[in-house]
Amino acid sequence: MRFFLTADFGGTQIRTAAFAEDSLTPVAHLKIPTRGDGTTIERLVSALRNVTPPQGEILALGVSAAGFTDAEQGMVYATNIHDMHKFPLRQALADALHLPVFIGNDANLAALGEWRFGAGKGCRDLLYLTVSTGIGGGVIANNQLLLGRHGLAAELGHIILVENGPLCACGRRGCLEAISSGTGIANYVREQLALGQASSLANIPQPTARDVAAAAPSGDKLAVDALTRAGTYLGLAIANYIAIFNPQIIILGGSVTNSGDFLFKPMHAAIQANILSPVYLEDLTITTAELGDNVGLLGALALAQMSL
Ligand SMILES: [Zn+2]
């Protein structure tokens, strides 16, 4: 039998899996914390060896990496993993495992995974957004993943929407991520509580975006306002993306989308209010992601399959 190896790693965990050539169900998989004994690359290699089938041929390895990733040069510039900043990941993995290795940014590969196996199957022009702790994105244009000169294109979470707005994890102010991500929602709520706004969230020491989503259905005004604000800015950003990329489908993933209509209603309203022309909305599908937690591994699989 012939197999593909895949890995998906970020600041918290490393996941690895082996897939038979024509299957989306892994024959073996493993999840370990990123931090522990040894360096990150040692842990990654060992987690890959652990899932490698004892018999058969390994065709290639696909890797979904957190943070800035130069797919062409095989370099990663992770900001939240200390020994993976400016690191030649592809070379290190090829040296250790003697395989063709293909790497990509996690949000880009999530877009690729949803396009090849998930909600975007068969679509030529696709935009993917993951709204979670941060906001990542990926764009498929004319059946190709948009990478840009250094593979750094489609950083859709870091368009600046508010001059001198809230501080973003990237160090700048007013990015979409600083407003509409889980972090942005939680920061807004904490700020409003500090200003004395009444809310059931005042009883929680450090309310998170998940707490906000849980408080909204009972009508808590601050929770509803926080999600309305996040959804409105998300819709504003999407109206801009639509004018730039003219997608056929927009796929939304990430934990914050579990807030449902509290986020989506104001998002759709803002898209309608800010769209350049109604023509863009004809035949446009806006939907949620299908691949769930496995999107990183399946995106890496899609990359490996398509790169061979
Ligand atoms: Zn930013």
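**Entry 1: strands E9 and E10**

I began with Leu-127, which stands opposite Val-139 in E10. I note at the outset that the model is predicted. I then looked up how E9 and E10 are joined: the two strands form a hairpin, with three residues between them. Their pairing is antiparallel and runs over six bridges.

**Entry 2: the covering of E9**

I asked how many residues of E9 are buried. The count is six of its six residues, and I recorded the strand as mostly covered. I next sorted the residues by face, because side chains in a regular strand alternate between the two faces of the sheet. On one side I found Leu-126, Tyr-128 and Thr-130, and on the other Leu-127, Leu-129 and Val-131. These residues are all buried, and both faces of E9 are thus recorded as covered.

**Entry 3: E9 and E12**

I turned to the pairing of E9, residues 126-131, with E12. Here the sense is parallel, and I noted five bridges. I looked up two residues of E9 in particular. The bridge partner of Leu-126 in E12 is Ile-249, and that of Thr-130 is Gly-253.

**Entry 4: the whole sheet**

I wrote down the order of the strands as E11-E10-E9-E12-E13. The five strands form an open sheet with mixed pairing. Which strands stand at the edges? They are E11 and E13, the latter covering residues 285-288. Each has a single partner strand, so one side of each is left without a neighbour in the sheet.

**Entry 5: helices on the sheet**

I looked up what packs on this sheet, still starting from E9 and E12, which pair in the parallel sense. Helix H7 packs on the sheet and touches E9, E10 and E12. The direction of H7 makes about 155° with that of E9. Helix H8, residues 261-274, also packs on the sheet, where it touches E12 and E13. The direction of H8 makes about 160° with that of E13.

**Entry 6: H7 against H8**

I examined the two helices together. Their axes come within 7 Å and cross at roughly 40°; H7 and H8 are therefore oblique to each other. I recorded the crossing as right-handed. On the H7 side the contact includes Val-224, Leu-227, Gly-231, Leu-234, Gly-235, Ile-238 and Ile-242. On the H8 side I listed Phe-262, Leu-263, Pro-266, Met-267, Ala-270, Ile-271 and Asn-274. By class, I noted 14 nonpolar residues, five polar and no charged ones in this contact.

**Entry 7: Leu-145 in an edge strand**

I returned to E11, where Leu-145 has its place. I asked which residues Leu-145 touches, not counting those up to four places away in sequence. They are Asn-108, Leu-112, Val-139 and Ile-140. I also looked up the separation of Leu-145 and Asn-108: 37 residues apart in sequence, with their C-alpha atoms 7.5 Å apart in space.

**Entry 8: two asparagines with positive phi**

I located Asn-142 in the loop between strand E10 (135-141) and strand E11 (144-145). Its phi is near 55°, a positive value in a residue other than glycine. Is Asn-142 buried or exposed? With a relative accessible area of 51%, where exposed begins over 50%, Asn-142 is exposed.

I then looked up Asn-246, which is found in the loop between helix H7 (221-245) and strand E12 (249-253). The phi of Asn-246 is near 45°, again a positive value in a residue other than glycine. Its relative accessibility is 46%, and Asn-246 therefore counts as partly exposed.

**Entry 9: H1 and H2**

I closed with another pair of helices, H1 (residues 40-51) and H2 (residues 89-97). Their axes come within 11 Å and cross at roughly 45°. H1 and H2 are therefore oblique to each other, and H1 passes H2 in a right-handed crossing. From H1, I listed Ile-41, Leu-44, Val-45, Leu-48 and Arg-49 as making the contact. From H2, the residues are Leu-89, Ala-92, Leu-93, Ala-96 and Leu-97. I recorded nine nonpolar residues in this contact, no polar ones and one charged.

Terms used
Residues are numbered from 1 along each chain as its sequence is written. This is a predicted model: local features need pLDDT of at least 70, side-chain atom pairs count only at pLDDT 80 or more; totals for chains, interfaces and linings use all residues. Side-chain values use heavy atoms; hydrogens and water are left out. Helices (H or I, at least four residues) and strands (E, at least two) are DSSP runs, numbered from the N terminus. Buried means under 20% relative accessible area, exposed over 50%, partly exposed in between (1.4 Å probe, protein chains only). Axes are lines fitted to C-alpha atoms, for helices over the stretch in contact, and angles run from 0 to 180 degrees between N-to-C directions. Angles under 35 degrees count as roughly parallel, over 145 as roughly antiparallel, 65 to 115 as roughly perpendicular and the rest as oblique. A crossing is left-handed if the near helix is turned anticlockwise from the far one by less than a right angle, and right-handed if clockwise. Contact means heavy atoms within 4.5 Å. Ala, Val, Leu, Ile, Met, Phe, Trp, Tyr, Cys and Pro count as nonpolar, Asp, Glu, Lys and Arg as charged, and the others, Gly among them, as polar. Two strands pair if DSSP finds at least two bridges between them.
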